[in-house]
Amino acid sequence: KKNNPYWDLVLKDRSGSVAAKIWMTRGRLVPESLDNDIFAHVAGRVEFFNGMPQVKISGVTPLTPGEIAGIDISEFLPPSPYDGRGAYEELMALADREFTYAPWKNLVKGFFDEDGNDSLFMNASAATAMHHAGAGGLAVHTLGVFRACQAEADLFPDLDRQILLAGALFHDIGKMREMRSTAFETTYTPEGNLMGHLTLGVLMLDPYCRKAGLPEPLKEHFFHLLLSHHGHIEYGAVKPPQSREALALFAADYLGHVDPLGVYTEVIAEEFLVAVGSGNTHSL
């Protein structure tokens, strides 16, 4: 401001966030350096700028590693509206009833019983900002898609029910590696940006499929469900759906992008408006 440097910050805890500034005083900007994503003691006063609260900081002291080790991280995380543990437990109960073929049972048990995958899954977010964004969002979204696929299999009994439900359970499993959540934000990992969750899901599941004894033709079809569940190449699918089960999973996931809190993804909102405006119901 006026050719003088200043710090522009956002302060966060579980109650929300607020903008903050550190202005140059007597020709000095203190501190001279400041890292992103830190825990700190902050002193200042609240002012208003354009009708919005803003903290004018008079002092900021980053916490030491010892101090950080002693804090409760939950005090800095916004409360999530999603019950990831409850959704995970319901999914496992449904899976236990639905999967009667031993290799599918082995795959579910082998994956979720190893490497802390159960904890990662139930605490993961389904997105950084759009549908089901927040801890537990991935499990809640997956449960919704699983239920939708159960309904589709009930309505169309000629579908391979078990491979469809396996696709539903694991369709977004790559998001456990595509994104990383911290106390500060959920961001995409390097491998998430480079490969995306569809490809990562196949890479993650391949060794578990081998251990589970899943026959190669079933594994190929299963992986096709994962790689095609976005439906269209322009939406991120590796291949368009080539089977009725793949098409059913795409439809369930597409509807599942409507957040239970009423938040639509941009893609679905735009598709819906175009379809209604043009009268072309087939595009839905």
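Hi everyone, this is a short walk through some helix packing in the structure above. Keep in mind that we are looking at a predicted model.

Let's start with α2, residues 84–98, and α3, residues 102–112. Their axes come within 10 Å and cross at roughly 155°. Anything over 145 degrees counts as roughly antiparallel, and therefore that is how we describe α2 and α3. As for handedness, α2 passes α3 in a left-handed crossing.

Which residues of α2 and α3 meet? On the α2 side you'll find Tyr88, Met92, Ala95 and Asp96, and across from them, in α3, are Lys105, Val108 and Phe112. Sorted by class, this contact has five nonpolar residues, no polar ones and two charged ones. If you're wondering about the spacing, an α-helix has 3.6 residues a turn, so residues three or four places apart point the same way.

Next, another helix pair. Helix α6 covers residues 161–170, and α10 covers residues 244–256. These two pack at an angle of about 40°, with their axes 10 Å apart, and here the crossing is right-handed. From α6, the contact uses Ile163, Leu164, Gly167 and Ala168, while α10 brings Glu245, Ala248 and Leu249. By class, that gives five nonpolar residues, one polar and one charged.

Ala168 turns up again when we look at Thr142. Thr142 sits in helix α5, residues 137–155. Is Thr142 buried or exposed? It is buried, with a relative accessible area of 1%. Leaving out residues up to four places away in sequence, Thr142 touches Leu91, Phe121, Ala168, Leu169 and His171.

I've saved α8 for the end. This helix spans residues 190–212 and has a kink of about 95°, centred on Gly196. Gly196 is also among the buried residues of α8, along with Gly192, His197, Leu198, Leu200, Gly201 and Val202. Further along the helix, the buried set continues with Met204, Leu205, Tyr208, Cys209 and Ala212.

What covers those buried residues of α8? The cover includes α3 and α6, which we have already met, plus α4 (117–123), α7 (175–178) and α9 (216–228). And right after α8 comes Gly213, with a positive phi near 75°.

So, if you have the viewer open, try centring on Gly196, where the α8 kink is, and then look for α3 and α6 among the helices covering the buried residues of α8. Thanks for listening!

Notes
Residues are numbered from 1 along each chain as its sequence is written. This is a predicted model: local features need pLDDT of at least 70, side-chain atom pairs count only at pLDDT 80 or more; totals for chains, interfaces and linings use all residues. Side-chain values use heavy atoms; hydrogens and water are left out. Axes are lines fitted to C-alpha atoms, for helices over the stretch in contact, and angles run from 0 to 180 degrees between N-to-C directions. Helices (H or I, at least four residues) and strands (E, at least two) are DSSP runs, numbered from the N terminus. Angles under 35 degrees count as roughly parallel, over 145 as roughly antiparallel, 65 to 115 as roughly perpendicular and the rest as oblique. A crossing is left-handed if the near helix is turned anticlockwise from the far one by less than a right angle, and right-handed if clockwise. Contact means heavy atoms within 4.5 Å. Ala, Val, Leu, Ile, Met, Phe, Trp, Tyr, Cys and Pro count as nonpolar, Asp, Glu, Lys and Arg as charged, and the others, Gly among them, as polar. The bend at a residue is the angle between axes fitted to the seven residues ending there and the seven starting there. Buried means under 20% relative accessible area, exposed over 50%, partly exposed in between (1.4 Å probe, protein chains only).
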